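Hi,

Here's the structure I promised to pass on. Have a look at it first, and then read my notes below.

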Protein chains: 2
Amino acid sequence: MAVLSDNIESFLISLLQEEENPVILVQRNELASYFRCAPSQINYVLSTRFTLERGYTVESRRGGGGYIRIVKMDLDKNSYLRYLLEEGIGDAMSQDDAITALVRLYESGSISQEQYTLCSSLVTDKTLGVPAPIKDRVRANLMRQMAAVFLRGGSTTANANTNDTFANKK
Amino acid sequence: MAVLSDNIESFLISLLQEEENPVILVQRNELASYFRCAPSQINYVLSTRFTLERGYTVESRRGGGGYIRIVKMDLDKNSYLRYLLEEGIGDAMSQDDAITALVRLYESGSISQEQYTLCSSLVTDKTLGVPAPIKDRVRANLMRQMAAVFLRGGSTTANANTNDTFANKK
DNA sequence: TTTATAATGGTTAAAGAAAGTCAAAGGAGG
DNA sequence: CCTCCTTTGACTTTCTTTAACCATTATAAA
């Protein structure tokens with residue numbers, strides 16, 4: 001029962017598979033007109049299928065020369081990282097749970113000591129400094145993003161393109 | 001999807017890199033006709049890309065023999081970090097300002113590319129995922145903490161301490 | 001010396017070119 | 001029929017490009 005969203009999803013996945021590095025740049029309107037659908041359909045597909053939990057990072061830029069960039073992470077790299085991403089981080093996370101996870105990542109060699117030092121200091125209640133219910137949500141979001149970056153690893157740094165790495169960073 | 005402004009930016013950057021001293025003199029009209037665009041396009045590029053925040057100084061002079069001079073400031077290693085910590089981060093910070101600061105830290109050699117990649121992804125609106133007023137406060141807190149860790153970890157790559165890193169983790 | 005003119009660069013508002021958000025309508029399965 | 005997932009369309013936000021008009025400086029003419 002392949003429905004439109006599924007088609008768009010597999011189309012993007014196949015584009016990714018054709019790449020040497022798992023990174024693609026697409027244009028929302030172009031894609032939408034290729035599939036004859038509303039442009040916002042693309043956003044729907046991105047937000048339901050190309051999520052961090054499923055191992056994707058999506059960045060974009062508006063205005064003239066705008067684009068959408070999708071990066072696929074290397075999911076079978078490390079099982080604890082993978083677990084974290086896929087199920088270990090929910091909507092909210094306590095400081096203790098976050099630190100425990102980071103310690104485990106460090107001890108299993110998934111992250112360096114510098115990474116541990118930085119990340120663990122970022123997810124403390126003290127650093128976040130916002131009221132309780134929100135704090136835990138932000139922390140979960142941070143942890144998820146950290147896990148994604150660690151999974152993506154050093155080599156395939158998303159912008160392995162040209163030399164003007166920061167030309168259009170935002 | 002590099003667009004006109006991006007091309008002009010990287011052209012100017014490459015001119016700068018060719019120089020022994022990081023200073024170039026260009027003429028607005030000449031540049032504009034080289035890129036076949038409106039002269040004011042040059043001003044747009046200058047004001048969006050060659051800003052003080054990004055470490056550039058732009059001076060100019062009108063009339064016959066007029067010119068535009070672009071100087072890349074000498075980014076000495078930790079002074080920007082100190083500035084950030086002491087005054088550069090207020091109660092709130094936008095995504096743009098945070099990314100710009102991180103780029104500058106990277107370019108001045110204060111942080112590694114991995115650190116840049118991780119941190120810049122953590123301070124995005126998308127990652128934080130909370131409503132507007134709070135977002136900017138959390139971001140400021142994160143940036144301050146990052147700056148503190150980087151300054152402490154300083155030149156000799158941080159690991160000068162012992163093995164009791166995890167003694168009082170929680 | 002004063003004045004006009006040509007040669008520069010600056011500013012700003014409007015149009016153009018993407019992408020994002022959100023709520024409402026549509027459908028398919030239980 | 002109820003719920004959840006999908007699809008659409010109207011509206012918003014962000015970034016870029018252009019064009020018309022403004023300001024300054026050097027130089028040649030008076």
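**DNA strand D**

Of the atoms of DNA strand D that lie within 4 Å of the protein, 62% are sugar or phosphate atoms and the rest belong to bases. Before I go on, some housekeeping: this is a predicted model, where local features need pLDDT of at least 70 and side-chain atom pairs count only at pLDDT 80 or more, while totals for chains, interfaces and linings use all residues. Residues are numbered from 1 along each chain as its sequence is written, chains are lettered from A and ligands numbered from 1 in the order in which they are written, and side-chain values use heavy atoms, with hydrogens and water left out.

Back to the DNA. Strand D is surrounded by 26 residues, where being near a strand means having a heavy atom within 4 Å of it. The closest are A:Tyr44, A:Arg61, B:Ser40, B:Tyr44 and B:Arg61. By class, this surface has 10 nonpolar, 10 polar and six charged residues. (Ala, Val, Leu, Ile, Met, Phe, Trp, Tyr, Cys and Pro count as nonpolar, Asp, Glu, Lys and Arg as charged, and the others, Gly among them, as polar.)

Which atoms of strand D sit by A:Arg62? A polar side-chain atom of A:Arg62 is 2.6 Å from a base oxygen of DNA strand D. Backbones come in as well: a polar backbone atom of A:Gly63 lies 3.4 Å from a base oxygen of strand D, and a backbone N or O atom of B:Gly64 is 3.4 Å from a base oxygen of strand D. The elements that give two or more residues to this surface are helix H1 (4–18) and helix H3 (39–49) of chain A, together with helix H1 (4–18) and helix H3 (39–49) of chain B. Helices (H or I, at least four residues) and strands (E, at least two) are DSSP runs, numbered from the N terminus.

**DNA strand C**

There are 27 residues around DNA strand C, and A:Asn43, B:Arg28, B:Asn43, B:Ser60 and B:Gly63 come nearest. By class, they split into four nonpolar, 17 polar and six charged. A side-chain N or O atom of A:Asn43 is 2.7 Å from a phosphate oxygen of strand C. The bases are reached too: a side-chain N or O atom of B:Arg28 lies 2.8 Å from a base nitrogen of strand C, and a backbone N or O atom of B:Gly63 is 2.8 Å from a base oxygen of strand C.

**The nonpolar cores**

What is a nonpolar core? It is a set of buried Ala, Val, Leu, Ile, Met, Phe, Trp, Tyr and Cys residues joined through side-chain atoms within 4.5 Å. Buried means under 20% relative accessible area, exposed over 50%, and partly exposed in between (1.4 Å probe, protein chains only).

The largest core has 62 residues, and A:Met143, A:Met146, B:Met143 and B:Met146 touch the most other members. H8(A) gives the most to this core, with 11 residues. Take A:Met146: leaving out residues up to four places away in sequence, it touches A:Cys119, A:Leu122, A:Val123, B:Leu118 and B:Leu122. A second, separate core of 17 residues includes A:Leu31, A:Cys37, A:Leu46 and A:Val58.

**Helix H6 of chain A**

Seven of the 10 residues of H6(A) are buried, among them A:Tyr116, A:Leu118 and A:Cys119. Their cover includes H5, helix H7 (125–128) and H8 of chain A, together with H6 and H8 of chain B.

**Two residues to look up**

A:Arg144 sits in helix H8 of chain A. Why does A:Arg144 count as buried? Because its relative accessibility is 10%. The side chains of A:Arg144 and A:Glu53 are joined by a polar contact of 3.3 Å. (A polar contact is a pair of N or O atoms within 3.5 Å; within protein, one must be able to donate a hydrogen and the other to accept it, and residues adjacent in sequence count only if both atoms are side-chain atoms.)

B:Tyr80 lies in helix H4 (residues 79–88) of chain B and is buried, with a relative accessible area of 8%. Apart from neighbours within four places in sequence, B:Tyr80 is in contact (heavy atoms within 4.5 Å) with B:Glu53, B:Ala101, B:Arg104 and B:Leu105.

**Domains of chain A**

An automatic or database domain assignment divides chain A into domain 1 (2–72) and domain 2 (77–157). Taken over C-alpha atoms, their centres are 26 Å apart. Six residues of domain 1 are in contact with seven residues of domain 2.

Cheers
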